[in-house]
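Subject: Structure handover

Hello,

Here is the structure you asked about. Please open it alongside this email. My notes follow below.

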Amino acid sequence: MQKIFLFIADGFEEVEAVTPLDYLRRCGADLTLVGLGTKVIRSSRGLAVTCDLTLSKLIGTGDEAKKNAARLAADTALAIVPGGVPNSRALNGSAELHYFITEIEKKGGLIAAICAAPALVLGEWGLLKGKQFTCYPGMGKGLPTKPVTGARVLRDGQFITACGAGAAEEFAFALVEALYGEKKLDELKNSIVAR
């Protein structure tokens with residue numbers, strides 16, 4: 001089974017991380033929650049979450065990270081980056097994460113981001129150039145490709161983006177459908193009594 005990684009740093013938006021994690025694990029996903037710098041990460045509203053492992057434990061640092069990231073990316077189905085401005089800025093500043101997500105893109109894996117993360121992480125890394133994407137309203141104005149205004153969830157090739165916390169469930173549903181198809185999505189919706 002291919003792996004899924006969800007990356008968080010201090011200041012992440014709770015619902016944007018926990019909803020995809022929950023729904024994908026309900027579908028049997030091999031999803032690893034990865035903390036930037038430490039295993040215990042504090043959300044934007046003070047929720048302390050213990051990650052499965054840290055980014056440095058996952059891929060190492062420096063040149064070692066480049067080698068390990070390239071190898072690990074070949075077995076990665078999906079990388080998820082939730083929002084929250086402090087979280088997004090911290091993730092953007094990680095050279096190792098940038099390298100890893102770029103390798104996932106090269107190897108054909110899906111990359112998903114919500115709220116501030118499409119603009120502040122993927123957009124600033126240049127990964128969304130020429131792609132249709134959405135993000136938190138008002139963000140992304142300085143990027144070469146502008147976000148689609150008013151869209152809640154968008155998929156363009158390998159990229160799935162969403163506008164914010166209010167779209168977290170729709171975002172999670174899009175991830176489930178992209179990985180497992182409509183039948184599995186319907187099963188999930190029935191099991192959680194979705195609207």
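Does E103 count as buried or exposed, and at what relative accessibility? A caution before the answer: this is a predicted model.

E103 counts as buried, because its relative accessibility is 5% and the cut-off for buried is under 20%. The residue is found in helix α5. Leaving aside neighbours within four places in sequence, E103 is in contact with A69, A70 and A73.

Helix α3

Two of those contacts, A69 and A73, are also on the list of buried residues of α3. The full list is A65, N68, A69, L72 and A73. Seen down the helix axis, the buried residues fall within an arc of 125°, so they line one face of α3. In general, an α-helix has 3.6 residues a turn, so residues three or four places apart point the same way. On the other side of α3, D63, K67 and R71 are exposed.

What does the buried face pack against? The buried residues of α3 pack against β1 (3-8), α2 (55-59), β6 (76-81) and α5 (95-106).

The length of α3 checks out too. The helix has twelve residues, 62-73. At 1.5 Å a residue they should span 16 Å, and the end C-alpha atoms are 16 Å apart, so the two agree.

The sheet

Now the strands. Seven of them form an open sheet, with mixed pairing. The order is β5-β2-β1-β6-β7-β9-β8. The edge strands are β5 (53-54) and β8 (153-156), and each pairs on one side only. Helix α7 (residues 168-180) packs on the sheet. α7 touches β1, β6, β7, β8 and β9, and its direction makes about 175° with that of β7.

Look at β7 next. This strand covers residues 110-114. β7 is mostly covered: five of its five residues are buried. L110, A112 and I114 point one way from the strand, while I111 and A113 point the other way. As a rule, side chains in a regular strand alternate between the two faces of the sheet.

β7 has a parallel partner in β6, joined to it by four bridges. In that pairing, L78 stands opposite L110 of β7. β9 (residues 159-162) also runs parallel to β7, and four bridges join these two strands. Here the bridge partner of A113 is T161. I114 stands opposite A162 in β9.

Aromatic residues

How many aromatic pairs does a search of the whole structure find? The search finds four. One of them is F5 with F100. This pair is edge-to-face, at 5.7 Å centre to centre, with 65° between the planes. F5 lies in strand β1 and F100 in helix α5, so the pair ties together parts that are 95 residues apart in sequence.

Both rings belong to buried residues. F5 counts as buried because its relative accessibility is 2%. F100 counts as buried because its value is 0%. F5 and F100 also form one aromatic cluster with F7.

If you want a place to start viewing, try helix α5. E103 is found there, and F100 lies in α5 as well. The buried residues of α3 pack against α5, among other elements.

Best wishes

Notes
Residues are numbered from 1 along each chain as its sequence is written. This is a predicted model: local features need pLDDT of at least 70, side-chain atom pairs count only at pLDDT 80 or more; totals for chains, interfaces and linings use all residues. Side-chain values use heavy atoms; hydrogens and water are left out. The expected span of a helix is 1.5 Å times one less than its number of residues. Buried means under 20% relative accessible area, exposed over 50%, partly exposed in between (1.4 Å probe, protein chains only). The arc is that of the directions from the helix axis to the C-beta atoms. Contact means heavy atoms within 4.5 Å. Two strands pair if DSSP finds at least two bridges between them. Axes are lines fitted to C-alpha atoms, for helices over the stretch in contact, and angles run from 0 to 180 degrees between N-to-C directions. Rings of Phe, Tyr and Trp (its six-membered ring) pair if their centres lie within 6.5 Å; planes under 30 degrees apart count as stacked, over 60 as edge-to-face and the rest as tilted.
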